[in-house]
Amino acid sequence: MSAESDRSVIQAMAERVRPDFPLLARKHGDRPLVFLDSASTTPKPRVVIDAVTHYYTQCTANVHRGVHALGEEATRLYDAARLEVAGLIGAAPDEIIFVRGATEAINLVAFGLGLGKDDEVVFPASEHHANWLPWRVRAKPVPVPIDADGVPRWDVAPTLLSDKTRLVSIGHVSNVTGAIAPVTEVVRWAHARGVPVLLDAAQSLSHLPLDVKKLGVDFLAASSHKAFGPSGVGLLYVERSRMAKMALYQVGGGMVALNEDLPGEFFPRDPPFRFEAGTPAIEATIGFGAAIRWMRGVGMDAIREHDHALSRHLLAGLTSIPGVRVLAAGVPGDTRIALATFVVDAPAMTQENVARALSDMFGVCVSGGHHCAHVLHARTHLAGTVRASPHVFNTTEDIDRLVEGVREIVD
């Protein structure tokens, strides 16, 4: 596709969705805000804000408990969110556990599988801490080597499986390089050895069409706040037969069908409710459902097409600047999202300094540092990086201002 065609795709999408985001109307100093930090958290469309506000102003009540009208309405909206989540990823509603986010989802799997110190978990060394530390704490980590740009050596990964491997856990999209993992290939060689696969979809949920049945994964974790929804809620998909075998994660109100007096027993509810102890993040979950409806209204295929165009424009701009190294710049466009992590050769400036300068001087919000991926940076011998992560509301002008700012800092 030509650069002009990319501009048309990007502009058409921005004109369609940008008015939905109140945050983008504010200024950063005397400049319009350019938000390029969606890999950290996305701005929220008005319908999500309205959904949360509606709960607070019209139907504040607990769910699955109250028998009054407000409780009934809150429960209906909350349960509808589970249907939205299931529909988005091709799962059944009873295969969805609501959690605080992808981090808790992965920890729930680590606990639920009953892993021990001798049980091995294979995962790329480039993973986010949420998909590194649970295996370090609860099992024996077996990291897949990465190349000089932080991309996993997928050719090596199958050789790391052993008789002690209990799980393969991979990020669908790297939060540092933007590279998309070969999920179906990983599932093929893992399942051939009888090993289940966990997919961390935190970075892919809002960028790629997803179908857990077609992908064949056994677990999928994701967060709302990276997919246009509120913070404090996420999802864990567990294939139904596996969920029934998982150990209880937390106990308390809401997850128990009957708690007999001693010396009797207690009986948990059926899955997935047995894994959802306590009052949930009701308003955030309702907002998550609204975010998914919004994304499906835009269309996941349309979002992906825009992502392709935006990625090409972003990489072309950054790679044209002398003194800038873009990690994994050679990863083909069909196997990456619109995310670029780069190193700026600027004397006496750390990469965090560069990110702050882009904010203060140009009104461009990006991330600077290690992006919760210390091992990736250590193995690639980088003290830090800058990450630009645009999304469906960004324009070519947003990318051009980033490139202009980086070029000026380098010069």
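This report describes strand S9, its partner strands and the nonpolar cores of a predicted model.

## Strand S9 and its surroundings

Strand S9 spans residues 219-223, and five of its five residues are buried, so the strand is largely enclosed by the rest of the structure. Burial here stands for a relative accessible area under 20%. Both faces of S9 are covered. Phe219, Ala221 and Ser223 lie buried on one side, while Leu220 and Ala222 are buried on the other.

## Pairing with S8 and S10

S9 pairs with strand S8 (residues 197-200) in the parallel sense, over three bridges. In this pairing, Leu199 stands opposite Leu220 of S9.

Strand S10 (residues 234-238) also pairs with S9, here in the antiparallel sense and over five bridges. Ala222 of S9 is placed opposite Leu235 in S10.

## The nonpolar cores

Leu220 and Leu235 are among the residues with the most contacts inside the largest nonpolar core, which has 65 residues. Ile89, Ile96, Val168, Leu205 and Met295 are also in that group. Helix H9 (residues 282-298) supplies the largest share of this core, ten residues. Apart from this core lies another, of 32 residues, including Ile10, Phe342, Val354 and Val403.

## The environment of Ile96

Leaving aside neighbours within four places in sequence, Ile96 is in contact with Leu235, Leu236 and Tyr237, among others. These three positions fall within the range of S10, residues 234-238. The contacts of Ile96 also include Arg82, Val85, Ala86, Ile89 and Ala91, together with Met243, Pro272 and Glu276.

Conventions
Residues numbered from 1 in each chain as written. Predicted model: local features only at pLDDT ≥ 70, side-chain atom pairs only at ≥ 80, totals over all residues. Heavy atoms only, no water. Buried < 20%, exposed > 50% of the residue type's maximum accessible area, 1.4 Å probe, protein only. Helix = DSSP H or I, 4+ residues; strand = E, 2+ residues; numbered from the N terminus. Pairing = 2+ DSSP bridges. Core = buried A, V, L, I, M, F, W, Y, C linked by side-chain atoms within 4.5 Å. Contact = heavy atoms within 4.5 Å.
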